[in-house]
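Colleague: I'd like to learn how to read helix packing, cores and strands in a model like this one. Could you walk me through it?

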Amino acid sequence: MAQSGRLRQSAVDVPERRLSKDGLTGCTPSSFPRHSPCKTQPPGDEMGVMDKSADDDLRCGLGSWHPPWLQRLLSKKTYMLAYGVTGMCYFTLSSYFTATVNTMEKQFKISSRTSGIISGAWDMGSLVSVLFIGYFGVKGNKMRIIGVGSLLVATSCFIRLLPHALYGPGSDVLELTYEHWTGDSLLNITNVSNLGLPVCGSPELSTDCTEATSTVSVPAIIMYVAQFIQGIGCSVYWTLGLTYLDDNITKDKAPLAHATTQCIRLLGPTLGFTFAAYTLSKFVDPTLTPRIDNTDPRWIGAWWLGWAPLGGVVVFLSWIMLLFPRQLPRTASRRAERLKQSIVIPPATSKNFFLAIRHLLSNRILVYNSFSAVFFIFGNVGYWIFMPKYMETMYQQTSSRASLISGAIGLTSAGLGLIASGVVMTRYKPRPRLVASWNVIVEVLDALCKFGWIFLDCGDRHLQGSWGENNTWNLTAQCNSHCECGPDVKFSPVCSLERDASFYSPCHAGCNSTMQFANGTRLFNNCSCIPSGIATDGPCTVDCATNFTIFLVSQCIISFLGASGKAGNILIQIRCVHEDDKPLAIAFSEFLVCALAFIPAPIVFGLVLDSACLVWGETCGSSGNCWLYDDQKLRYLLNLLGSGLMLVGVILDIGVCYYAKDLQMYDEEEANVKRNSVPFDDPAAVEFLRRNSPRT
């Protein structure tokens, strides 16, 4: 639970700053309203923090504890490592949730629309907090705020354990275990008409609704609250954490530094998907013995197993972040330089907050780039959240294998793309317009690739049934009409012995008896809808290796290309504003993307998936999760919507490319601009510039 600050950054214009004839820094009317550079303030009283405790603000520790051995770790490299690992852990949480959400849908009978709302709760938490954190948080101790935010994230991990602790596996899942099954698996062959399976004429075709309750929605509410809390905690990291990093590195080294931390973070999706593949391969209740394996679509893996250890890791990282000082030496030197130039930042008030926001709205680069990010991310959210489900549905992959493949692709391709972009940006220092143009090219290729996925299918699944009234899939046919298979029949797919027809359940195949072998294999006999009269347990498999390979290769390529533009995109954003405005600029872009992309997109794509559903699971008249999808409809809707939205983002990125021509991205550029802005017939100004120009 993937994202603007997480995956995409925006840019804003640079306030034009010049030297006045009295040697002090002045501003043109285009400067940020938060700054009053023509005012002065007594040295040593900046922001009310320069007092006798200022020395503690530069030392590692917590409270009065500042051991000497800890100070040896105080460096920008240490922070880069801590910042990157913390982000990696956050990405691990997001990808673990994405990989397990489909399993939670099946266990708690949640629709894709509802799971989309749950996914959007993370961004709802960011939405209500990110702007205030970006503006007011810069006045406080950034690292303390980041540490507290990490503790909130850890709390959300432990909250996710509650659904399993309160409700357990559920009665439907327990029936899939030997401990809660009435059949005798010790016999070599058991030939009976009813072993608790939905065969034709069995009493299991009807459901007892006298004990039905409304608690099915409680797990969804719990997960929503957990996601919301996590969104608040993560918003601190994306705004203040990035600012703290950029404050302590030189501009010419920034591309490689940002690419390095991003590369560390991108280990997170691989860890999350790999960890999910492991937990989902375990049965939801490890103390029980399941009668099915993880290739069966009814399999429920131990989705809850990873949240406790992940929460413990986040608690540890939160204490690491709390140990960092208020500012590193480079930040302190920059603030001292600002005092020499008599630049004062007005206090953080509501009035100044809205003035700063109004100024951001008048910035062309910010508007174009932020809304481009909105459309780009909106078009990709469906893939980030529902990619494991897409692989399961379209290419018949197991949930654990789909999670593992998604993670491996994310690490290999995106990691290489980030490293390549960081090296190129650091060594060759491409111009801003060239950087923005590369983003346009990459997004065009990404949109075309997703459009091409429309034509990657696995052929006819041979699901028996026909379109009925109200555009619904009718599973009842003449051959099974006497079985009276109602809507409450549980999903138990079977395949004809000829491997040419799949049925929703043995009842829909017209089978009235079962043979159970000692090794767990089941055959269904006397099936009136099958010429041979015999069906095997599980759906019919389809050979889809070629198209699935093409899908994976194309995904690797676009992941690499997409990541190659990230370092430059971040640099455009944070170099286009005054250093004290970076948190607000990041928060503003994050706010727009959360409000217009991350929150509505999961709901929209959830509705898209639900609209492609053929057969819903029902219990006592209430719809649960979708068991079978219309492959062609799902393929067209998802990929057309995604690629179309991305093309709109491309048009807006062309505007970014046009207006980014004069942005200043590197230290030497800043020095040259200052030299060019000094009237050379003013010796005092020249001498001031000579003493105060940044050294490269």
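Modeller: Gladly! Let's start with angles: those under 35 degrees count as roughly parallel, over 145 as roughly antiparallel, 65 to 115 as roughly perpendicular, and the rest as oblique. Keep in mind that this is a predicted model.

Colleague: At what angle do H2 and helix H13 pack?

Modeller: Helix H2 (residues 76-108) and helix H13 (residues 364-395) pack at about 60°, and their axes are 7 Å apart. H2 and H13 are therefore oblique to each other. Their crossing is right-handed.

Colleague: Which residues of H2 and H13 meet there?

Modeller: On the H2 side you'll find Thr98, Ala99, Val101, Asn102 and Glu105. They meet Trp384, Ile385, Phe386, Pro388, Lys389 and Glu392 of H13.

Colleague: And how should I read H2 against helix H8?

Modeller: In the same way. The axes of H2 and H8 (residues 254-265) come within 7 Å and cross at roughly 40°. That angle makes H2 oblique to H8. H2 passes H8 in a right-handed crossing. From H2, the contact involves Met80, Tyr83, Gly84, Val85, Gly87, Met88 and Phe91; from H8, it involves Ala257, Thr260, Thr261, Ile264 and Arg265.

Colleague: Let's turn to cores. What is the general idea?

Modeller: In soluble globular proteins, nonpolar side chains tend to be buried together. Here, the largest nonpolar core has 71 residues, and those with the most contacts inside it are Tyr79, Leu93, Trp303 and Trp307. Helix H2 supplies the largest share of this core, 14 residues. There is also a second, separate core of 42 residues, with Tyr390, Leu609, Ala612 and Leu645 among them.

Colleague: Which residues does Leu93 touch, leaving out those up to four places away in sequence?

Modeller: With those set aside, Leu93 touches Val153, Cys157, Gln230, Trp307, Leu310 and Val314.

Colleague: Is Thr100 buried or exposed?

Modeller: Buried means under 20% relative accessible area, so Thr100, at 0%, counts as buried. Thr100 sits in helix H2. Not counting residues up to four places away in sequence, Thr100 touches Ala276, Leu280 and Trp303.

Colleague: What about Ala414: buried or exposed?

Modeller: Ala414 counts as buried, at 10% relative accessibility. You'll find Ala414 in helix H14 (residues 399-428). Look across the fold, too: the C-alpha atoms of Ala414 and Leu561 are separated by 7.8 Å, while the two residues are 147 places apart along the chain.

Colleague: Now strands, please. How do I read their two faces?

Modeller: In a regular strand the side chains alternate between the two faces of the sheet. Strand E9 (residues 522-525) has both faces covered. Arg522 and Phe524 lie on one side, Leu523 and Asn525 on the other, and all are buried.

Colleague: How many bridges join E9 to strand E10?

Modeller: Two bridges join E9 to E10 (residues 535-537), and the strands run antiparallel. Within E10, Thr536 is the bridge partner of Leu523.

Colleague: One last strand residue: where is Ser496 placed, and what does Ser496 touch?

Modeller: Ser496 belongs to strand E6 (residues 494-496). With a relative accessible area of 1%, Ser496 is buried. Leaving out residues up to four places away in sequence, Ser496 touches Ala501, Ile530, Ile534, Ala535 and Cys540.

Methods. Residues numbered from 1 in each chain as written. Predicted model: local features only at pLDDT ≥ 70, side-chain atom pairs only at ≥ 80, totals over all residues. Heavy atoms only, no water. Core = buried A, V, L, I, M, F, W, Y, C linked by side-chain atoms within 4.5 Å. Buried < 20%, exposed > 50% of the residue type's maximum accessible area, 1.4 Å probe, protein only. Helix = DSSP H or I, 4+ residues; strand = E, 2+ residues; numbered from the N terminus. Contact = heavy atoms within 4.5 Å. Pairing = 2+ DSSP bridges. Axes fitted to C-alpha atoms, helices over the stretch in contact; angles between N-to-C directions. Left-handed = near helix turned anticlockwise from the far one by under 90°.
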